Amino acid sequence: MTSPTDPLACRDLWRSVLATIVKDLCGTAVDRAAVREAERWIGSWMSRDFLEVCELAGADPARTHAELTALLPLSPRERRAEVRARRHALPELSDAA
């Protein structure tokens with residue numbers, strides 16, 4: 001059993017948040033609003049929230065932002081294919097798409 005302050009459990013929680021963002025960005029959510037919200041959250045620059053989530057997830061914010069912003073010009077279908085092809089680049093998001 002893990003404690004509520006288990007650092008690995010906390011990191012895994014925030015990795016799940018990032019994975020959900022990627023899933024939303026790839027259009028796997030039923031709601032198109034989720035795709036638009038993921039696109040806005042990623043944005044063209046790293047917001048304070050983006051930085052904090054990445055840091056809590058143990059992901060490099062600059063690298064994660066570069067990887068995710070590279071997906072923005074693509075269609076959701078192309079994003080899914082790209083995420084599948086690039087899972088090695090962001091192993092913490094391996095369960096996304």
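Helix 3 and helix 4 are roughly perpendicular to each other in this predicted model. Their packing angle is about 115°, and angles of 65 to 115 degrees count as roughly perpendicular, which explains the label. The two axes lie 9 Å apart. Helix 3 spans residues 48-57, and helix 4 spans residues 61-69. Their crossing is right-handed.

The contact draws on both helices. Helix 3 supplies F50, L51, C54 and E55. Helix 4 supplies P61, T64, H65 and L68. By class, the contact residues divide into 5 nonpolar, 2 polar and 1 charged.

L68 also appears in the largest nonpolar core. This core has 16 residues. L68 is among those with the most contacts inside the core, together with L18, L25, W41 and I42. Helix 1 (7-25), helix 2 (32-42) and helix 3 are the elements that give two or more residues to this core.

W41 was examined further. Leaving aside residues up to four places away in sequence, W41 touches L18, I21, S47, D49, F50 and V53. Of these, L18 is, like W41, one of the core residues with the most contacts. F50 is also part of the contact of helix 3 with helix 4.

The whole chain is helical in its elements. It has 5 helices and 0 strands, and the order from the N terminus is α-α-α-α-α. The chain has 97 residues, of which 34% count as buried. Among contacts between residues at least 6 apart in sequence, 51% join residues at least 24 apart.

Notes
Residues are numbered from 1 along each chain as its sequence is written. This is a predicted model: local features need pLDDT of at least 70, side-chain atom pairs count only at pLDDT 80 or more; totals for chains, interfaces and linings use all residues. Side-chain values use heavy atoms; hydrogens and water are left out. Axes are lines fitted to C-alpha atoms, for helices over the stretch in contact, and angles run from 0 to 180 degrees between N-to-C directions. Helices (H or I, at least four residues) and strands (E, at least two) are DSSP runs, numbered from the N terminus. Angles under 35 degrees count as roughly parallel, over 145 as roughly antiparallel, 65 to 115 as roughly perpendicular and the rest as oblique. A crossing is left-handed if the near helix is turned anticlockwise from the far one by less than a right angle, and right-handed if clockwise. Contact means heavy atoms within 4.5 Å. Ala, Val, Leu, Ile, Met, Phe, Trp, Tyr, Cys and Pro count as nonpolar, Asp, Glu, Lys and Arg as charged, and the others, Gly among them, as polar. A nonpolar core is a set of buried Ala, Val, Leu, Ile, Met, Phe, Trp, Tyr and Cys residues joined through side-chain atoms within 4.5 Å. Buried means under 20% relative accessible area, exposed over 50%, partly exposed in between (1.4 Å probe, protein chains only).
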